[in-house]
Amino acid sequence: MPEMTHQESPGGTQGAIPEQGATPEHGGHEMGGMHMKGQFGPYPTSREASGTAWNPDSTPQQGVMFMSGDWMLMGHANLFGVYDHQGGLRGGSKTFAPGMVMGMAQRPIGDAGTLGFRAMLSPDPFMGADGYPLLFATGETANGRATLIDRQHPHDLFMELSGSYSYRLSETDAAFLYFGLPGEPALGPPAFMHRFSGLDIPEAPITHHWLDSTHITFGVLTAGYVLDRFKVEVSGFRGREPDEHRYNIEQPSLDSISTRLTWNPIPDLSAQISWGYLHSPEQLEPNLNENRITASFTYNKPFGDGNNWATTFAWGRKMNQPGHTLDGFLLESSVVLQDTHTIFGRAERVNEDELLGHIEPVPVFTPTKFSLGYIYDFHVAEHVKLGIGGLASRYIVPKGLDLAYGSDPTSFMTFIRLKIY
């Protein structure tokens with residue numbers, strides 16, 4: 001099996017089919033005279049992110065690729081070792097190891113078909129059921145009895161086990177089917193660990209459950225149609241979030257629905273708008289249903305050798321039935337210089353109604369968070385780099401929460417990061 005030149009991508013780069021004699025286009029990749037096409041349609045593989053979501057075509061890719069007969073294989077990993085200190089009265093400290101390891105296999109079927117498989121695993125369950133301290137984060141449960149508050153839940157060991165089939169209808173359009181157990185429905189922007197603006201940030205955004213919390217869903221079936229730079233798709237999926245048992249495969253169902261329209265008008269920009277109905281997403285509130293709307297823009301700009309700038313702006317609205325309508329906003333940016341220095345930042349503002357637990361009447365608070373960080377990478381081997389970094393976070397604590405959190409709960413993380421790309 002001859003090894004092929006590697007590609008760089010955010011954890012979600014999903015593979016490609018070699019197309020003989022194709023003309024290179026911006027954001028594409030050539031190997032031995034073959035232009036690499038995406039798993040779900042006739043476009044550059046750099047466009048593909050988590051699930052069936054899209055990045056800008058110009059997004060750097062990462063993944064070690066090689067051919068085995070008709071199969072194209074790709075793998076990569078992004079693993080952290082983190083010391084986390086969250087300040088203030090409701091903070092805490094912990095050392096933990098988040099991240100992911102991903103593999104993909106893909107082959108042509110007939111003259112116009114593509115069969116694909118993916119597997120993605122995470123070490124998150126080893127950090128413990130209650131995850132890690134993260135001020136103003138809410139969602140899911142550690143024990144099946146109480147909601148996690150001011151902590152980020154661990155992701156499941158199996159983050160994605162999926163298969164897909166796409167059929168090229170012409171040089172510019174295709175139809176596809178995607179199934180995951182678990183997988184990601186067509187709802188929201190690419191998940192935070194798969195978009196280039198966020199993949200080097202070791203902490204989850206506090207807007208996670210407004211934007212991309214469905215990226216691990218036990219039971220997803222998506223049908224989509226690609227027409228050049230447009231994609232429309234519909235998903236049936238299980239609305240319930242994963243439970244506190246992080247090592248198992250949960251029973252699938254298709255009790256919820258979503259739809260998403262994505263447009264890549266130029267190689268440096270990707271925009272999406274999506275809607276979803278989530279049936280009983282919360283284990284501890286089984287009678288609560290949610291309608292969710294999201295919209296996002298991701299801009300990516302390579303400049304010079306080894307330099308790239310990626311920025312995502314996203315908005316999500318949760319309309320709980322019964323309950324409140326809650327908005328979340330995220331602005332996230334990352335600049336990579338000389339493939340060695342990474343500077344990143346994130347600003348978030350969310351409406352939260354879980355921070356004081358389930359008291360009546362339920363109050364809504366709007367905290368704001370700002371994070372800024374840096375990573376220095378050592379290139380220890382081909383396709384491997386080891387980074388050392390840190391980040392600091394400041395908050396605007398809303399009135400009514402200062403007695404609970406303190407007026408200035410400044411937080412920080414220090415970490416190492418191993419990337420196989």
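Biologist: Where is Pro322 found in the chain, and between which strands?

Modeller: In this predicted model, Pro322 is found in the loop between β19 (308-321) and β20 (325-337). The peptide bond that leads into Pro322 from Gln321 is cis, with omega near -5°.

Biologist: Which peptide bond from a leucine to a proline is cis, with omega near 0°?

Modeller: That bond runs from Leu181 to Pro182. Pro182 lies in the loop between β13 (173-180) and α1.

Biologist: Let us turn to phi. What is the value of phi in Gln338, and in what kind of residue does it occur?

Modeller: Phi of Gln338 is near 55°, which is a positive value in a residue other than glycine. Gln338 belongs to the loop between β20 and β21 (341-350).

Biologist: Is Gln338 buried or exposed?

Modeller: The cut-off for calling a residue exposed is over 50% relative accessible area. Gln338 has a relative accessible area of 55%, and therefore counts as exposed.

Biologist: How are the strands on either side of Gln338 arranged, and how many bridges join β20 to β21?

Modeller: β20 and β21 run antiparallel and are joined by 10 bridges. One point at which to inspect the pairing is Leu337, which stands opposite His341 in β21. The hairpin of these two strands has 3 residues between them, and Gln338 takes its positive phi there.

Biologist: Which strand pairs with β21 over 9 bridges?

Modeller: That strand is β22, and the pairing is again in the antiparallel sense. His341 may be followed across to β22, where it stands opposite Tyr376.

Biologist: What is the phi of His383, and is His383 buried or exposed?

Modeller: Phi of His383 is near 70°, a positive value in a residue other than glycine. His383 sits in the loop between β22 (368-381) and β23 (384-396). A residue is called buried under 20% relative accessible area. His383 is buried because its relative accessible area is 10%. Both histidine and glutamine examples are loop residues: Gln338 lies between β20 and β21, and His383 lies between β22 and β23.

Biologist: I should like to read a strand by its two faces. Which residues of β16 form the covered face, and which the uncovered one?

Modeller: One follows the side chains along the strand and assigns each to a face. In β16 (residues 256-263), the covered face consists of Ser256, Ser258, Arg260 and Thr262. The uncovered face carries Ile257, Thr259, Leu261 and Trp263.

Biologist: Which strands pair with β16, and over how many bridges?

Modeller: β15 (residues 230-237) pairs with β16 in the antiparallel sense over 8 bridges. Within that pairing, Lys231 stands opposite Thr262. β17 (residues 269-278) also pairs with β16 in the antiparallel sense, over 7 bridges. Here Ser258 stands opposite Gly276 in β17. The connection from β16 to β17 is a hairpin through 5 residues.

Biologist: Where does Thr214 lie, and why does Thr214 count as buried?

Modeller: Thr214 lies in the loop between α1 (208-211) and β14 (220-227). Thr214 counts as buried because its relative accessibility is 7%. Leaving aside residues up to four places away in sequence, Thr214 touches Gly183, Glu184, Pro185, Leu187, Phe237, Leu278 and Arg292.

Biologist: Finally, how is empty space found, and how many cavities of 30 Å³ or more are there?

Modeller: Rolling a probe the size of a water molecule over the atoms reveals where empty space remains. In this model the count is 7 cavities of 30 Å³ or more. The largest cavity holds about 200 Å³ of space. It is lined by 20 residues, of which Pro98, Gly99, Phe192, Met193 and Pro202 are the closest to its centre. β6 (71-86) and β8 (99-109) each supply at least two residues of this lining.

Biologist: How do the residues of that lining divide into nonpolar, polar and charged?

Modeller: The lining of the largest cavity has 11 nonpolar, 7 polar and 2 charged residues.

Biologist: What is the volume of the second largest cavity, and which residues line it?

Modeller: The second largest cavity has a volume of about 80 Å³. Its lining residues include Glu140, Thr141, Thr147, Glu241, Pro242 and Glu354. The lining of this second cavity divides into 3 nonpolar, 3 polar and 5 charged residues.

Note on methods
Residues numbered from 1 in each chain as written. Heavy atoms only, no water. Buried < 20%, exposed > 50% of the residue type's maximum accessible area, 1.4 Å probe, protein only. Helix = DSSP H or I, 4+ residues; strand = E, 2+ residues; numbered from the N terminus. Pairing = 2+ DSSP bridges. Contact = heavy atoms within 4.5 Å. 1 Å grid on protein atoms, 1.4 Å probe; cavity = no way out; pocket = protein on both sides within 12 Å on 5 of 7 lines; lining within 4 Å. Points joined across faces, edges and corners; volume = space filled by probe spheres on them. Nonpolar A, V, L, I, M, F, W, Y, C, P; charged D, E, K, R; others polar.
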